Amino acid sequence: FSRKGLVQGSLIWSITKFFLIRSAFVFLILTLAQPIYGRKKVKGTMKSMELVVCLDVSNSMNTCDIESTPRLEVAKRSLNAMINNLAGEKIGICLFAGSSYVQLPLTTDYNAAKLFIEDVSTYSISRQGTNIPDALSTAMTMFTKEKMTKAILIVTDGENHEQESKEVYEQIIENEIQVCGRLDQNLYCGI
(Lines give C-alpha, C1' and ligand atoms only; values in the text may rest on other atoms or scores of the structure.)
Protein backbone atom coordinates (compact mmCIF):
# COMPACT_ATOMS: atom_id res chain seq x y z
CA PHE A 1 0.00 0.00 0.00
CA SER A 2 1.24 3.37 -0.88
CA ARG A 3 0.69 6.43 1.21
CA LYS A 4 -0.79 8.27 -1.78
CA GLY A 5 -3.46 5.55 -2.32
CA LEU A 6 -4.40 5.60 1.33
CA VAL A 7 -4.89 9.37 1.31
CA GLN A 8 -6.97 9.22 -1.91
CA GLY A 9 -9.19 6.45 -0.48
CA SER A 10 -9.64 8.39 2.74
CA LEU A 11 -10.55 11.52 0.76
CA ILE A 12 -13.13 9.67 -1.33
CA TRP A 13 -14.57 8.10 1.83
CA SER A 14 -14.77 11.53 3.53
CA ILE A 15 -16.57 13.08 0.56
CA THR A 16 -18.98 10.12 0.34
CA LYS A 17 -19.63 10.28 4.08
CA PHE A 18 -20.30 14.05 3.86
CA PHE A 19 -22.88 13.59 1.05
CA LEU A 20 -24.60 10.72 2.86
CA ILE A 21 -24.90 12.67 6.12
CA ARG A 22 -26.03 15.80 4.30
CA SER A 23 -28.66 13.84 2.31
CA ALA A 24 -29.92 12.15 5.47
CA PHE A 25 -30.22 15.58 7.15
CA VAL A 26 -32.13 17.04 4.14
CA PHE A 27 -34.54 14.08 4.05
CA LEU A 28 -35.05 14.32 7.81
CA ILE A 29 -36.07 17.98 7.43
CA LEU A 30 -38.43 17.10 4.56
CA THR A 31 -39.98 14.34 6.65
CA LEU A 32 -40.55 16.68 9.58
CA ALA A 33 -42.13 19.30 7.25
CA GLN A 34 -44.67 16.71 6.01
CA PRO A 35 -45.12 18.17 2.53
CA ILE A 36 -48.42 17.52 0.74
CA TYR A 37 -48.57 17.26 -3.01
CA GLY A 38 -51.52 17.64 -5.35
CA ARG A 39 -54.90 19.24 -5.00
CA LYS A 40 -58.05 18.05 -3.36
CA LYS A 41 -61.39 19.82 -3.19
CA VAL A 42 -62.91 19.79 0.24
CA LYS A 43 -66.47 20.78 0.96
CA GLY A 44 -66.74 23.05 3.94
CA THR A 45 -68.48 26.10 5.21
CA MET A 46 -66.98 29.18 6.68
CA LYS A 47 -69.24 30.93 9.10
CA SER A 48 -68.75 34.59 9.59
CA MET A 49 -70.63 37.47 11.07
CA GLU A 50 -71.18 41.16 10.58
CA LEU A 51 -71.12 43.15 13.81
CA VAL A 52 -71.97 46.83 14.08
CA VAL A 53 -71.09 48.55 17.35
CA CYS A 54 -73.30 51.54 18.17
CA LEU A 55 -71.26 53.62 20.59
CA ASP A 56 -72.87 56.40 22.61
CA VAL A 57 -70.75 59.58 22.56
CA SER A 58 -73.11 61.86 24.45
CA ASN A 59 -71.73 64.09 27.21
CA SER A 60 -72.95 61.69 29.89
CA MET A 61 -70.23 59.28 28.74
CA ASN A 62 -67.71 61.69 30.33
CA THR A 63 -69.01 60.72 33.79
CA CYS A 64 -66.39 58.91 35.86
CA ASP A 65 -67.56 55.69 37.50
CA ILE A 66 -64.73 53.20 37.79
CA GLU A 67 -61.51 54.46 39.39
CA SER A 68 -62.13 57.99 38.10
CA THR A 69 -62.20 56.74 34.50
CA PRO A 70 -64.81 58.18 32.12
CA ARG A 71 -67.44 55.74 30.85
CA LEU A 72 -66.36 56.35 27.26
CA GLU A 73 -62.77 55.31 28.04
CA VAL A 74 -64.00 52.12 29.73
CA ALA A 75 -66.18 51.40 26.70
CA LYS A 76 -63.27 52.00 24.31
CA ARG A 77 -61.01 49.63 26.28
CA SER A 78 -63.73 46.98 26.31
CA LEU A 79 -64.27 47.29 22.55
CA ASN A 80 -60.53 46.96 21.90
CA ALA A 81 -60.46 43.82 24.05
CA MET A 82 -63.41 42.43 22.08
CA ILE A 83 -61.70 43.21 18.76
CA ASN A 84 -58.60 41.31 19.94
CA ASN A 85 -60.79 38.18 20.14
CA LEU A 86 -62.31 38.48 16.66
CA ALA A 87 -61.21 36.11 13.92
CA GLY A 88 -62.71 36.74 10.49
CA GLU A 89 -65.81 38.66 11.55
CA LYS A 90 -66.54 42.02 9.97
CA ILE A 91 -66.88 44.93 12.36
CA GLY A 92 -68.27 48.41 11.84
CA ILE A 93 -68.66 51.39 14.17
CA CYS A 94 -71.64 53.74 14.39
CA LEU A 95 -71.37 56.72 16.73
CA PHE A 96 -74.48 58.27 18.17
CA ALA A 97 -75.76 60.91 20.56
CA GLY A 98 -78.66 63.13 19.41
CA SER A 99 -77.94 61.91 15.87
CA SER A 100 -75.78 59.14 14.44
CA TYR A 101 -73.29 58.49 11.67
CA VAL A 102 -71.02 55.73 10.37
CA GLN A 103 -67.55 56.08 11.88
CA LEU A 104 -66.16 52.91 10.25
CA PRO A 105 -67.88 50.80 7.58
CA LEU A 106 -67.78 47.01 7.95
CA THR A 107 -64.22 45.74 7.73
CA THR A 108 -61.98 42.88 8.80
CA ASP A 109 -59.09 45.30 9.33
CA TYR A 110 -59.03 45.16 13.11
CA ASN A 111 -56.08 47.55 13.43
CA ALA A 112 -58.06 50.21 11.57
CA ALA A 113 -61.03 49.56 13.87
CA LYS A 114 -58.83 50.09 16.92
CA LEU A 115 -57.49 53.35 15.47
CA PHE A 116 -61.01 54.62 14.83
CA ILE A 117 -62.09 53.65 18.36
CA GLU A 118 -59.08 55.47 19.81
CA ASP A 119 -60.15 58.70 18.04
CA VAL A 120 -63.71 58.63 19.44
CA SER A 121 -64.65 61.42 21.85
CA THR A 122 -67.79 63.12 23.09
CA TYR A 123 -66.97 65.93 20.64
CA SER A 124 -67.52 63.57 17.69
CA ILE A 125 -71.19 64.62 17.45
CA SER A 126 -72.32 68.15 18.26
CA ARG A 127 -76.02 67.35 18.73
CA GLN A 128 -76.34 65.93 22.23
CA GLY A 129 -78.90 63.48 23.57
CA THR A 130 -79.30 59.72 23.22
CA ASN A 131 -81.16 58.70 20.07
CA ILE A 132 -81.05 54.90 20.05
CA PRO A 133 -83.60 54.40 17.21
CA ASP A 134 -81.51 56.63 14.93
CA ALA A 135 -78.39 54.64 15.83
CA LEU A 136 -80.17 51.34 15.07
CA SER A 137 -81.43 52.73 11.77
CA THR A 138 -77.92 53.84 10.77
CA ALA A 139 -76.47 50.49 11.85
CA MET A 140 -78.93 48.58 9.67
CA THR A 141 -77.78 50.51 6.58
CA MET A 142 -74.23 49.29 7.20
CA PHE A 143 -74.98 45.58 6.68
CA THR A 144 -74.30 43.85 3.38
CA LYS A 145 -76.87 41.77 1.50
CA GLU A 146 -74.87 38.58 2.15
CA LYS A 147 -76.63 35.78 3.98
CA MET A 148 -74.77 35.63 7.29
CA THR A 149 -75.34 36.40 10.94
CA LYS A 150 -75.80 40.09 11.58
CA ALA A 151 -75.63 41.70 15.00
CA ILE A 152 -75.77 45.14 16.58
CA LEU A 153 -74.04 45.85 19.89
CA ILE A 154 -75.33 48.98 21.62
CA VAL A 155 -72.87 50.55 24.06
CA THR A 156 -74.62 53.29 25.99
CA ASP A 157 -75.04 54.52 29.54
CA GLY A 158 -78.50 55.97 29.36
CA GLU A 159 -82.04 55.71 28.26
CA ASN A 160 -83.39 56.84 24.94
CA HIS A 161 -84.18 60.60 24.90
CA GLU A 162 -86.04 60.50 21.60
CA GLN A 163 -89.43 59.14 20.61
CA GLU A 164 -89.45 55.37 20.10
CA SER A 165 -89.72 54.14 16.52
CA LYS A 166 -91.53 50.83 16.17
CA GLU A 167 -90.58 50.71 12.47
CA VAL A 168 -86.90 50.35 13.35
CA TYR A 169 -87.61 47.46 15.72
CA GLU A 170 -89.87 45.80 13.12
CA GLN A 171 -87.08 46.06 10.50
CA ILE A 172 -84.64 44.48 12.93
CA ILE A 173 -87.00 41.56 13.50
CA GLU A 174 -87.79 41.25 9.78
CA ASN A 175 -84.08 41.15 8.84
CA GLU A 176 -83.27 38.76 11.72
CA ILE A 177 -80.62 41.07 13.13
CA GLN A 178 -79.47 40.19 16.63
CA VAL A 179 -79.29 43.11 19.05
CA CYS A 180 -77.51 43.26 22.37
CA GLY A 181 -77.50 46.31 24.57
CA ARG A 182 -79.69 48.59 26.60
CA LEU A 183 -83.11 49.25 25.08
CA ASP A 184 -85.98 50.90 26.92
CA GLN A 185 -84.00 50.95 30.19
CA ASN A 186 -83.62 47.13 30.07
CA LEU A 187 -80.67 44.99 29.06
CA TYR A 188 -81.74 43.20 25.91
CA CYS A 189 -80.18 40.45 23.83
CA GLY A 190 -81.97 38.69 21.00
CA ILE A 191 -83.65 39.14 17.66
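A nonpolar core is a set of buried Ala, Val, Leu, Ile, Met, Phe, Trp, Tyr and Cys residues that are joined through side-chain atoms within 4.5 Å. In this predicted model, the largest nonpolar core has 22 residues, and among these Leu55, Val57, Ile83, Ile91 and Leu95 touch the most other members. Two or more residues come from each of strand E1 (49-56), helix H2 (71-84), strand E4 (90-96), helix H3 (110-118) and strand E6 (149-155), with H2 giving the most, namely four residues.

A second core, separate from this one, consists of 19 residues, including Leu106, Met142, Ile152 and Ile154.

To see how such residues meet, one can begin with Ile83, which, leaving aside residues up to four places away in sequence, touches Ile91, Tyr110, Ala113, Lys114 and Ile117. Leu104, which lies in strand E5 (residues 100-107), likewise has contacts beyond its sequence neighbours: with residues up to four places away not counted, Leu104 touches Ile91, Gly92, Ile93, Ala113, Phe116 and Met142. Met142 is 38 residues from Leu104 along the chain, yet their C-alpha atoms are separated by 9.3 Å. Leu104 has a relative accessible area of 7%, and it therefore counts as buried, since the cut-off is under 20%.

Two residues in loops offer a contrast. Gln34, in the loop between helix H1 (3-33) and E1, has a positive phi of about 50° although it is not a glycine, and because its relative accessibility is 62%, Gln34 counts as exposed. Ser68, found in the loop between strand E2 (64-66) and strand E3 (69-70), is not a glycine either, but has a positive phi of about 60°; with a relative accessible area of 64%, Ser68 is exposed.

Conventions. Residues numbered from 1 in each chain as written. Predicted model: local features only at pLDDT ≥ 70, side-chain atom pairs only at ≥ 80, totals over all residues. Heavy atoms only, no water. Buried < 20%, exposed > 50% of the residue type's maximum accessible area, 1.4 Å probe, protein only. Contact = heavy atoms within 4.5 Å.
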